[in-house]
Amino acid sequence: MNPQQRALTRHFVQHFVDVGFMSSSEGSDGVRRVMLGAMSAVIAVGLFLPRLLGRKYVGIRGIPDLYEATVVGDTLMTIAFAMLIVAFAAALAGDSMFPDETDFRVLTPLPVTRGFVFAAKLRAVALYLGLVMVIVSAAIQVPFTAVSGGPYASRPWIVRAFVSTATSMGASLFAATATMAAQGVIVLCAPGRY
């Protein structure tokens, strides 16, 4: 990536996390507080969910068939929950994929192509969604695999945590790209006045 691409991507990332109502009064501290608050909420849910499910696993540790079925079902539920959160974040970020009026006014006089601008916007959104995917998947899957372990677990805890987190990130990537693709189709098919 050349310095021009890096600079434009940095500009879009800064513009992406710049929340208008916070910029005037608190500046970047307000944005940091909101981001930290959102990450804390996801981590709290990730810690609360296994605690909620933990009692169930204590009761079924002696029954191998029931334990295996319950672990599979709850693992799918936590993956679906992570996908839902990432899809929601992708829906919020989907509008940022397309240049807005400010981008056109600022970038039109510059010698840059549409592809150059779109690639920079795509990198900015990909960085944001990648961060969301990693945080959500790790915050939900790592505590869940710690709680759901038992004498009938197929692998050691650290291996199951890594595999569950990687699987959750892959599923979340699918959810994010499907959400953004649906938004793109809607934007392309909608009449210009809307």
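## Exposed or buried: two example residues

A residue counts as exposed when its relative accessible area is over 50%, and as buried when that value is under 20%. In this predicted model, Leu-127 has a relative accessibility of 54%, so Leu-127 counts as exposed. You will find Leu-127 in helix H6. If you would like a landmark for it, try Thr-9: the two residues are 118 apart along the chain, and their C-alpha atoms are separated by 9.8 Å.

Gly-149 falls on the other side of the cut-offs. Its relative accessibility is 16%, and therefore Gly-149 counts as buried. Look for Gly-149 in the loop between H6 and H7. Its C-alpha atom is separated by 9.9 Å from that of Val-58, a residue 91 positions away along the chain.

## The chain as a whole

Stepping back, the chain holds seven helices and zero strands. Read from the N terminus, the order of elements is α-α-α-α-α-α-α. The chain has 194 residues, and 32% of them are buried.

## How H4 meets H6

Two packed helices are described by the angle between their axes and the distance between the axes. Here is how that works out for one pair. Helix H4 spans residues 64-93 and helix H6 spans residues 114-148; their axes come within 10 Å and cross at roughly 160°. An angle over 145 degrees counts as roughly antiparallel, and that is why H4 is described as roughly antiparallel to H6.

The crossing of H4 past H6 is right-handed. Sorted by class, the residues in the contact of H4 with H6 are 18 nonpolar, four polar and one charged.

## The second largest pocket

Rolling a probe the size of a water molecule over the atoms shows where empty space is left. The second largest pocket holds about 360 Å³ of space. Its lining is made of 19 residues, and those closest to the pocket centre are Val-71, Val-72, Thr-75, Ser-154 and Arg-160.

Which helices supply at least two residues each to this lining? They are H4, H6 and helix H7, the last of these covering 157-189. H4 gives the largest share, with seven residues. So the helix that crosses H6 at roughly 160° is also the one with the largest share of this lining. By class, the lining of the second largest pocket comprises 10 nonpolar, six polar and three charged residues.

Terms used:
Residues numbered from 1 in each chain as written. Predicted model: local features only at pLDDT ≥ 70, side-chain atom pairs only at ≥ 80, totals over all residues. Heavy atoms only, no water. Axes fitted to C-alpha atoms, helices over the stretch in contact; angles between N-to-C directions. Helix = DSSP H or I, 4+ residues; strand = E, 2+ residues; numbered from the N terminus. Parallel < 35°, antiparallel > 145°, perpendicular 65-115°, else oblique. Left-handed = near helix turned anticlockwise from the far one by under 90°. Nonpolar A, V, L, I, M, F, W, Y, C, P; charged D, E, K, R; others polar. 1 Å grid on protein atoms, 1.4 Å probe; cavity = no way out; pocket = protein on both sides within 12 Å on 5 of 7 lines; lining within 4 Å. Points joined across faces, edges and corners; volume = space filled by probe spheres on them. Buried < 20%, exposed > 50% of the residue type's maximum accessible area, 1.4 Å probe, protein only.
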